[in-house]
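Here is a short tour of one structure, written for the bench. Have the model open beside you as you read.

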Amino acid sequence: MKISVLGSGGWGTALAMVLLENGHDVTLWSYNEAESKVLRETGENPMLKGVALPETLKLTSDMACVKGCGVVVLATPSFAVRETARKLSALLDPETILISVSKGIEKDTSLTLTQVIESEVGEKVRIVALSGPSHAEEVGRRVPTTVVAASRDQAAAELVQDLFMNPRFRVYASDDVVGVELAAALKNVIALSAGVCDGMGFGDNTKAALMTRGLSEIARLGEALGGRKETFAGLAGVGDLIVTCTSMHSRNRRCGILIGQGTPVPEAVKEIGAVVEGYYAAATAKALADKTGVEMPITEAAYQVLYHGKDPREVITDLMTRAKKHEIEESWV
């Protein structure tokens, strides 16, 4: 199949290589010609050092590459999804399947990224969200990886399975688009918080508690917004949470470590050198929690540290000394 991948960051490049390995005709689009030229001249993506780009991978900065494609993969940073989808709208063939692989929530609207895409391209295409525990650095090196493809259209989700699956890349299907996308975006807040704890020198006990209770509040918000609770116990939820909270591949965790070590938040975000989705997701998640009335103490604490300069150690004390609770909220009811 003819496929274009829009966004030549590490993730877009890694997925393009999976598709190419599976026998598809793949073009990788860069936002500008300078980025495309680097890939062409060096034969590798600087975000995937040591991974050679196949000679059969087509490289371009012309978005017209999407014409005639049966599938388009949208792999831009979350803040660029709306602009890219708007430009795509006039170029896409009817019935094209559009796969959103970015993770985030739009800042000003609190929309998930497939909702953003749908608002720009309308109903002319079918949209699938692909998510899960999947560092680009490992996918590029063909490390076994498993993700989930979510769509309201079962045939579209199953087609994505067929496109991507091979002995090193496994895809499950789901119809819970809301749950999968919210899990993908909100876990970045917890991963950043886990990094802060690492930076302050806390141990495994602290991180385990943070991940467990963080997942609980993510699931509460996700369910309130229309997701299914079981999705948060799956690949897009606990799976992605584990990998981003524990790995140094995670930009969110690395940024949190800097903050925990005392680096001012703006400097820490800048030092990472790429988009730290958890920083932006913290503000959006707080807004959604306030709107729905869902209690999210860890997210609230992260927001106070990131946007109001609150001391992380003070925040930890506040969380540890909150009023006592039942772990399972329905207990003894």
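Two residues are in contact here when they have heavy atoms within 4.5 Å. By that rule, and not counting residues up to four places away in sequence, Ala136 touches Gly10, Trp11, Ala14 and Leu48. Please keep in mind that this is a predicted model.

**Positions from the record**

An unreviewed UniProt entry places the feature "binding site" at Trp11, Lys103, Ala136, Arg251, Val275 and Glu277. From this set, Lys103 is taken in by the lining of the largest cavity. Trp11, with neighbours within four places in sequence left aside, is in contact with Val101, Ser134, Ala136 and Val139.

Three residues of this report can be set side by side:

| Residue | Helix | Relative accessibility |
|---|---|---|
| Trp11 | H1 (residues 10-21) | 16%, buried |
| Ala136 | H5 (residues 136-140) | 11%, buried |
| Asp240 | H9 (residues 235-246) | 1%, buried |

Buried means under 20% relative accessible area, so Asp240, with 1%, counts as buried.

**Asp240 and its partner**

Which side chain does Asp240 join through a polar contact? The partner is Lys103, at 2.8 Å. Beyond four places in sequence, residues touched by Asp240 also include Ser131, Gly132, Pro133, Ala184, Lys187 and Leu235.

**Helix H10**

Helix H10 (residues 251-260) is largely enclosed by the rest of the structure, because 8 of its 10 residues are buried. Among them are Asn252, Arg253 and Cys255. The buried residues of H10 pack against H9 as well as helices H7, H8, H11, H12 and H13. After H10 comes Gly262, with a positive phi near 110°.

Note on methods
Residues are numbered from 1 along each chain as its sequence is written. This is a predicted model: local features need pLDDT of at least 70, side-chain atom pairs count only at pLDDT 80 or more; totals for chains, interfaces and linings use all residues. Side-chain values use heavy atoms; hydrogens and water are left out. Helices (H or I, at least four residues) and strands (E, at least two) are DSSP runs, numbered from the N terminus. Buried means under 20% relative accessible area, exposed over 50%, partly exposed in between (1.4 Å probe, protein chains only). A polar contact is a pair of N or O atoms within 3.5 Å; within protein, one must be able to donate a hydrogen and the other to accept it, and residues adjacent in sequence count only if both atoms are side-chain atoms. UniProt positions are given in the numbering used here, feature names are shortened, and annotations may be inferred rather than shown by experiment. On a 1 Å grid over the protein atoms alone, a cavity is a set of points where a 1.4 Å probe fits but cannot get out, and a pocket is an open set with protein on both sides within 12 Å along at least five of seven lines; lining residues have an atom within 4 Å of a point.
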